[in-house]
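Please open the model in your viewer and keep the sequence panel beside it, since each stop on this tour asks you to select something and then look at what surrounds it.

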Amino acid sequence: ALDVVALGESMVTFLPTRPGRLADVPSFDRAIGGAESNVACMLAAAGHRVRWVSRVGTDGFGDHLVETIGAHGVDVTRVQRDPDRPTGVYFRTAGERGTDAHEVAYYRAGSAASAMSPATVDLAAARAGRVLHLSGITAALSDGCRELLHALTAPGPGRPLVSFDVNHRPGLWRSPAGPGVLLELARAADLVFVGEDEAEQAWGVTGGPRAIRALLPEPATLVVKHGERGATVLPDAAPATSVPALHVDVTATTGAGDAFAAGFLHATLRGLPPHARLRHGHLWAAAALTTPGDLAAPPSRAHADRLAAVDDA
Ligand code: KDG
């Protein structure tokens with residue numbers, strides 16, 4: 001049986017070889033990105049049984065994604081190949097995300113993954129794990145992708161625990177419906193990850209974790225991230241738990257949210273208590289923060305367990 005199925009678009013990612021404006025970067029290093037496959041790869045590297053469900057072109061970039069993600073130990077047998085649409089790619093600069101200095105150029109409109117829909121995706125393959133991990137990025141890709149997320153989050157028999165990372169990417173939404181769609185999807189999930197700043201940007205909610213919880217009363221578990229300050233977990237019927245983040249010298253923040261979700265899911269699958277889930281989230285995020293690419297190797301289990309227990313002693 002599978003622990004986790006992650007569904008979403010991945011792209012070949014081009015990382016700048018030097019800082020500065022996109023217009024000035026002369027060459028790029030190839031890597032891979034994709035919020036959901038980042039989660040899948042980290043969980044598989046930590047020993048979990050994981051599947052990635054997606055769609056890529058019949059091009060070399062599609063081959064590269066399938067081969068690289070498969071090499072992390074992720075089941076890629078349900079990834080479809082689309083002969084008519086290309087694999088998405090994107091370029092970015094080195095500047096810190098969330099600042100004006102950070103530029104992202106996506107080439108993914110009309111991609112193979114944007115053709116995912118309830119009609120093209122094998123829903124049973126997506127529902128085959130204990131956890132189904134989704135993100136709000138998918139909802140922005142096309143009408144079919146948005147309908148797919150609604151189908152996968154709808155209640156019904158055989159529905160796994162649905163984990164949803166809001167991942168609000170304003171630059172991707174071509175309609176003003178984004179925030180409303182993300183709210184609807186988050187309310188239909190069982191476990192939700194959202195940044196405090198993201199909740200303010202998308203939904204205009206200020207007032208911290210309690211105010212966000214009031215907007216999202218349904219998910220059994222809500223995780224509110226406060227960036228470099230830490231994160232709070234709000235279970236529906238238990239007191240909130242907050243754990244500060246680690247202080248690290250940040251190389252690149254891209255992928256840190258995915259790593260946090262993966263670490264939290266890893267500890268959840270192991271049945272660890274809320275504070276340990278947050279600690280693992282922070283430890284895994286630290287691995288991504290100190291790596292230039294979107295995808296990092298998780299800390300070893302023994303090492304992370306020792307670090308997670310540091311101030312329990
Ligand atoms: O969270 C990291 C992702 O944003 C990155 O890997 C690319 O999935 C991606 C996206 O759509 O921005």
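## First stop: a loop residue and its partners

Begin by selecting E9, which you will find in the loop between strand 1 (2–7) and strand 2 (11–16). Bear in mind throughout that this is a predicted model. Is E9 buried or exposed? With a relative accessible area of 4%, E9 is buried, since that value falls under the 20% limit for buried residues.

Now display the side chains around E9, where two polar contacts deserve a distance label. One joins the side chain of E9 to the side chain of R108 at 2.9 Å, and another joins the side chain of E9 to the side chain of S111 at 2.7 Å. If you leave aside neighbours within four places in sequence, the residues in contact with E9 are G34, E36, S54, G88, R108, S111, A113, M116 and L141. For a sense of scale, draw a line from the C-alpha atom of E9 to that of H275, which lies 266 residues away along the chain; the two atoms are separated by 31 Å.

## Second stop: the ligand

Select the ligand next and show the residues around it, of which there are 15, with Y106, R108, R169, D258 and D294 coming nearest. R108 is the residue whose side chain you have just seen in polar contact with the side chain of E9. Sorted by class, the shell around the ligand consists of five nonpolar, five polar and five charged residues.

Which distances should be labelled here? A polar side-chain atom of Y106 lies 2.6 Å from an oxygen atom of the ligand, and an N or O atom in the side chain of D294 is 2.7 Å from an oxygen atom of the ligand. At G34, which also appears among the contacts of E9, a polar backbone atom is 2.9 Å from an oxygen atom of the ligand. Taken alone, the ligand exposes 310 Å², and the protein buries 99% of that.

## Third stop: three serines

Go on to S37, which sits in helix 1 (residues 35–45) and is buried, its relative accessible area being 0%. The side chains of S37 and S10 are joined by a polar contact of 2.6 Å. Not counting residues up to four places away in sequence, S37 touches S10, W52 and I69.

Then select S114, in the loop between strand 8 (104–107) and helix 3 (123–126). S114 has a relative accessibility of 13% and therefore counts as buried. A polar atom of the S114 side chain lies 2.7 Å from the backbone oxygen of S111, and S111 is already familiar from its polar contact with E9. Beyond residues up to four places away in sequence, S114 touches L141, S142 and C145.

## Fourth stop: a loop residue with positive phi

Move to N167, whose place is in the loop between strand 10 (161–165) and helix 6 (178–188). What is the sign of phi at N167? Phi is near 40°, a positive value in a residue other than glycine. N167 counts as buried, at 7% relative accessibility.

## Fifth stop: a histidine in helix 10

Now select H282, which is found in helix 10 (residues 274–289) and is buried, with a relative accessible area of 6%. A polar atom of the H282 side chain lies 2.9 Å from the backbone oxygen of V243. Residues up to four places away in sequence aside, H282 touches G230, A231, V243, P244, A245, L246 and F260. Should you wish to span the model once more, the C-alpha atoms of H282 and G62, 220 residues apart along the chain, are separated by 31 Å.

## Last stop: the whole protein

Finally, clear the selection and view the complete protein, which has eleven helices and 14 strands. Along the principal axes, its C-alpha atoms fill a box of roughly 55 × 50 × 40 Å. The radius of gyration is 18 Å, which agrees with the value near 20 Å that a compact globule of 313 residues would have. Of those 313 residues, 54% count as buried, and the accessible surface comes to about 12900 Å², with 53% of it belonging to carbon and sulfur atoms. Among the contacts in the protein with a separation of 6 or more, 70% are accounted for by residues 24 or more positions apart.

How values were computed: Residues numbered from 1 in each chain as written. Predicted model: local features only at pLDDT ≥ 70, side-chain atom pairs only at ≥ 80, totals over all residues. Heavy atoms only, no water. Near = heavy atom within 4 Å. Polar contact = N/O pair within 3.5 Å; in protein donor to acceptor, adjacent residues only side chain to side chain. Areas by Shrake-Rupley, 256 points an atom, 1.4 Å probe, with all protein chains shown as cover. Nonpolar A, V, L, I, M, F, W, Y, C, P; charged D, E, K, R; others polar. Helix = DSSP H or I, 4+ residues; strand = E, 2+ residues; numbered from the N terminus. Rg over C-alpha atoms; globule rule 2.2 N^0.38 Å. Buried < 20%, exposed > 50% of the residue type's maximum accessible area, 1.4 Å probe, protein only. Contact = heavy atoms within 4.5 Å.
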